[in-house]
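Colleague: Could you take me through this model slowly, and tell me at each step what makes a given word the right one?

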Amino acid sequence: MSHDARKARAPSVILPPATIGILGGGQLGRMMALDGRKLGYRFTVLDPTPDCPTSHVADEQVVADFSDVEAARRLAESSDVVTYEFENVDADVAKALETFSRVPQGSSLLATTQHRVREKSTLREAGIPVTPFVPISSLADIDLAIETLGSKLVVKTCRGGYDGKGQWMVRSAADVEAYRGAFEDILAAGGSDEVAPLIAEQFVPFHGEISVVVARNARGDIKAFPPSENIHVNHILHLSIVPARYPVAVLDRAVKLAHQIASCMEIVGLIAVEMFVTEAGELFVNELAPRPHNSGHYTMDACVTSQFEQHIRAICNLPLGDVQLLTPVVMVNVLGQHVDGVLTRLSTLPGNVKVHFYGKASSRVDRKMGHLNILCDDVDDALSWIDEQGIWS
Ligand code: AMP
């Protein structure tokens with residue numbers, strides 16, 4: 001590790017009013033800045049869109065493309081510490097950030113979580129249960145995957161896929177044939193990928209999905225928020241239900257796995273661990289996100305500390321906040337198609353419904369525009385309330 005890289009990970013405390021630079025100006029950056037401001041930090045954000053959601057609550061915006069190394073250098077030079085709100089950070093940009101500022105999360109975590117094969121291999125080596133998988137570098141590898149994993153596969157791009165994009169269900173040789181064009185294009189474009197451009201995973205007939213958001217600071221303190229039960233619609237998170245409706249033993253195991261991952265990967269900051277739960281209560285880690293996560297938005301109103309404050313505390317090497325759940329809660333996402341319904345009811349919403357809008361200038365179908373945290377005595381009441389609104393049906 002170079003001197004600069006070592007300096008970038010130095011574990012001293014960063015006190016307010018230090019400036020925190022955020023790469024990415026969407027809702028996650030905005031909510032980080034809102035909570036970080038309460039602690040007295042200042043914020044600079046880099047995002048290509050002027051008037052991006054984070055810019056409304058930051059002191060300064062560098063308007064530039066995410067691959068602009070010179071702009072990343074400007075962000076780093078004007079910040080005491082830099083973080084990011086998405087994991088697909090260009091390697092040259094990550095290097096510039098580490099050279100000219102502190103990046104406590106480090107670039108090796110990014111390199112691991114940017115690539116599904118690297119991520120799953122790292123987890124598997126650490127003894128974490130992951131979905132059985134085979135790296136795919138050629139069409140012949142898919143035949144091999146069918147032989148090894150069985151005929152029901154999920155083929156995914158190793159880089160850049162999200163919300164179900166870059167993903168294909170393969171149940172037969174006919175499916176491989178049907179997707180041949182798409183696979184060939186990705187394999188050709190990713191020919192220089194030193195690992196593999198695609199991954200084939202065994203299809204897990206899961207009962208449900210849960211996630212655990214866990215924080216670690218540079219002193220090695222670790223705290224995990226209560227697991228959230230996640231319901232997706234069209235591959236996009238729709239609901240997070242907390243407490244998750246699974247046996248306590250399953251949830252305890254999920255929290256233990258999250259602790260283990262944070263510890264063995266020496267995470268600094270937050271990491272969201274997404275898992276499948278099978279009918280028998282087995283857990284398989286599907287994906288990691290090295291940042292605050294949509295499934296952790298419930299913490300904003302239902303926990304002593306929000307995931308955003310926790311992230312700021314972790315990267316600044318402050319003591320981590322209490323993660324206790326104060327009340328059951330259901331988080332429901334407000335996508336573009338739900339905005340009118342929520343706005344129409346805004347003046348009559350009950351006081352236990354906490355409204356969060358991200359200040360995005362334009363709305364479109366499936367775009368994340370905000371979320372509601374419905375605080376309740378029993379999650380079934382909150383789920384019934386959501387149903388009764390007719391906004392999400
Ligand atoms: P991902 O992009 O890996 O988070 O996958 C998006 C969604 O696709 C997950 O939330 C699951 O609902 C589904 N999915 C992904 N991988 C698998 C798998 N191996 N088996 C079954 N379903 C999967």
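Modeller: Let us begin with a term for the ligand site: a polar contact is a pair of N or O atoms within 3.5 Å. Please keep in mind that the model is predicted.

Colleague: How do you know that the side chain of Q167 makes a polar contact with the ligand?

Modeller: An N or O atom in the side chain of Q167 is 3.0 Å from an oxygen atom of the ligand, and because the cut-off is 3.5 Å, this pair counts as a polar contact. A polar side-chain atom of K156 lies 2.8 Å from a ligand oxygen, and for E287 the distance from a side-chain N or O atom to an oxygen atom of the ligand is 2.8 Å, so these pairs also fall within 3.5 Å.

Colleague: Which of the residues around the ligand come nearest?

Modeller: There are 15 residues around the ligand, and those that come nearest are R116, K156, V204, E209 and E287.

Colleague: Why is Q307 called buried?

Modeller: The relative accessible area of Q307 is 0%, and buried means under 20%, so the word applies to Q307. This residue lies in helix α12, and its side chain makes a polar contact with the side chain of H297 at 3.1 Å, while a polar atom of the Q307 side chain lies 3.5 Å from the backbone oxygen of G296. Leaving aside neighbours within four places in sequence, Q307 is in contact with V213, F225, L270, P292, H293, G296, H297 and T299.

Colleague: Where does helix α12 pack, and which strands does it touch?

Modeller: Before I place the helix, the sheet itself should be described: four strands form an open sheet in the order β3-β2-β1-β4, with parallel pairing. Helix α12, residues 307–315, packs on this sheet and touches β1, β2 and β4, and its direction makes about 140° with that of β4.

Colleague: What makes β1 and β2 a pair of strands?

Modeller: Strand β1 (residues 19–23) and strand β2 (residues 42–47) are joined in the parallel sense over five bridges, and because two strands pair if there are at least two bridges between them, β1 and β2 meet the requirement. One of the residues involved is L23, whose bridge partner in β2 is L46.

Colleague: What is the pairing in the sheet that holds β5, and which strands are its edges?

Modeller: That open sheet has four strands in the order β5-β8-β6-β7, and the pairing is antiparallel. Its edge strands are β5 (133–136) and β7 (167–170), each of which pairs on one side only. Neighbouring strands here are turned by 20° against each other on average, with direction ignored. Strand β6 (residues 153–157) and strand β8 (residues 198–202) pair over five bridges, and T157 has L198 as its bridge partner in β8. Helix α7, residues 139–149, lies across β5, β6 and β8 and runs at about 175° to β5.

Colleague: Which residues touch the most other members of the largest nonpolar core?

Modeller: That core has 48 residues, and L23, L97, I210, M275 and V285 touch the most other members. Its largest share, seven residues, comes from helix α10 (residues 248–264). If residues up to four places away in sequence are not counted, V285 touches several residues, including L123, I128, V130, I261, V273 and M275.

How values were computed:
Residues are numbered from 1 along each chain as its sequence is written. This is a predicted model: local features need pLDDT of at least 70, side-chain atom pairs count only at pLDDT 80 or more; totals for chains, interfaces and linings use all residues. Side-chain values use heavy atoms; hydrogens and water are left out. Contact means heavy atoms within 4.5 Å. Axes are lines fitted to C-alpha atoms, for helices over the stretch in contact, and angles run from 0 to 180 degrees between N-to-C directions. A nonpolar core is a set of buried Ala, Val, Leu, Ile, Met, Phe, Trp, Tyr and Cys residues joined through side-chain atoms within 4.5 Å. Buried means under 20% relative accessible area, exposed over 50%, partly exposed in between (1.4 Å probe, protein chains only). A residue is near a molecule or strand if one of its heavy atoms lies within 4 Å of it. A polar contact is a pair of N or O atoms within 3.5 Å; within protein, one must be able to donate a hydrogen and the other to accept it, and residues adjacent in sequence count only if both atoms are side-chain atoms.
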